[in-house]
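Welcome to this short tour. Keep your viewer open, with the sequence panel beside it, and select each stop as we reach it.

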Amino acid sequence: MEEMTHMIKDLSIEEREEIFVDIARTLEDTAREALFEGNMQFAEISNNMAEAIRVNADELARDDPENAERVLLQAAAMISQFEAVHPYRMVSMAVH
């Protein structure tokens, strides 16, 4: 955990913010899949977390790296929890 804090400290503010936006996007994708599968509670929690991260990405990137690390760990735990329950995720075969 301490290593991650050092890694976050080494990143620029723009890089940190980009990480938060990417994690929010991943949470939204996970929420969409959970909603499709009928898991309304998980979808709502993931969407709420994604929205909170996206709205506060700038502040999270600029403020205390330890708090930023906690948010990233919580988001990663949510994504990991979904992947553990759904190891074979839906793959779109649509041709655009």
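Before the first selection, here is a term for the whole tour: buried means under 20% relative accessible area, exposed means over 50%, and partly exposed lies in between, with a 1.4 Å probe and protein chains only. This is a predicted model, in which local features need pLDDT of at least 70 and side-chain atom pairs count only at pLDDT 80 or more, while totals for chains, interfaces and linings use all residues. Residues are numbered from 1 along each chain as its sequence is written, and side-chain values use heavy atoms, with hydrogens and water left out.

**Stop 1: the whole chain**

Colour the protein chain by secondary structure. You should find 5 helices and 0 strands, in the order α-α-α-α-α along the sequence. Helices here are DSSP runs of H or I with at least four residues, strands are runs of E with at least two, and the numbering starts from the N terminus. Of the chain's 96 residues, 31% count as buried.

**Stop 2: helix α2**

Select residues 13-36, which make up helix α2. Its 24 residues reach 35 Å from first C-alpha to last, close to the 34 Å expected at 1.5 Å a residue. That expected span is 1.5 Å times one less than the number of residues.

Now show side chains. R16, F20, I23, A24, L27, T30, A31, E33 and A34 are the buried ones in α2. Just past the end of this helix, click on G38, where phi is positive at about 95 degrees.

**Stop 3: salt bridges along α2**

How many salt bridges does the structure hold? There are 4, each being a side-chain nitrogen of Lys or Arg within 4 Å of a carboxyl oxygen of Asp or Glu.

Select D22 and R25 to see one of them, with 3.0 Å from N to O. These two residues of helix α2 are separated by about one helical turn because they are 3 residues apart. An α-helix has 3.6 residues a turn, so residues three or four places apart point the same way. D22 is partly exposed at 33% relative accessibility, and R25 is partly exposed at 41%.

Next, pick D29 and R32, another bridged pair, whose closest N and O atoms are 2.8 Å apart. They too are 3 residues apart in helix α2, about one turn. Is R32 buried or exposed? R32 counts as exposed, at 52% relative accessibility, whereas D29 is partly exposed with a relative accessible area of 32%.

**Stop 4: helix α4**

Move on to α4, residues 57-62. Select D58 and R62, whose side chains form a salt bridge with 2.9 Å from N to O. Both lie in helix α4, 4 residues apart, about one turn of the helix. R62 is exposed at 51%, and D58 is partly exposed at 32%.

Stay in helix α4 for E59, which is partly exposed with a relative accessible area of 49%. Add I13 and draw a distance between the C-alpha atoms: E59 and I13 are 46 residues apart in sequence and 9.6 Å apart in space.

**Stop 5: a negative patch**

Select E59, D63, D64 and E66 together, and you have a patch of negative charge on the surface. Patch members have over 30% relative accessible area and no salt bridge, with like charges joined within 9 Å (for nonpolar side chains, Val, Leu, Ile, Met, Phe, Trp and Tyr, within 5 Å). Within this group, D63 sits in the loop between α4 and α5 and is partly exposed at 47%.

**Stop 6: helix α5**

Finish by selecting residues 65-85, helix α5. At 1.5 Å a residue its 21 residues should span 30 Å, and the end C-alpha atoms are indeed 30 Å apart. Turn on side chains once again: P65, A68, E69, V71, L72, A75, M78, I79 and F82 are buried in α5.

Key
Areas by Shrake-Rupley, 256 points an atom, 1.4 Å probe, with all protein chains shown as cover. Lys, Arg positive; Asp, Glu negative; His and termini not counted. Charge placed at Lys NZ, Arg CZ, Asp CG, Glu CD.
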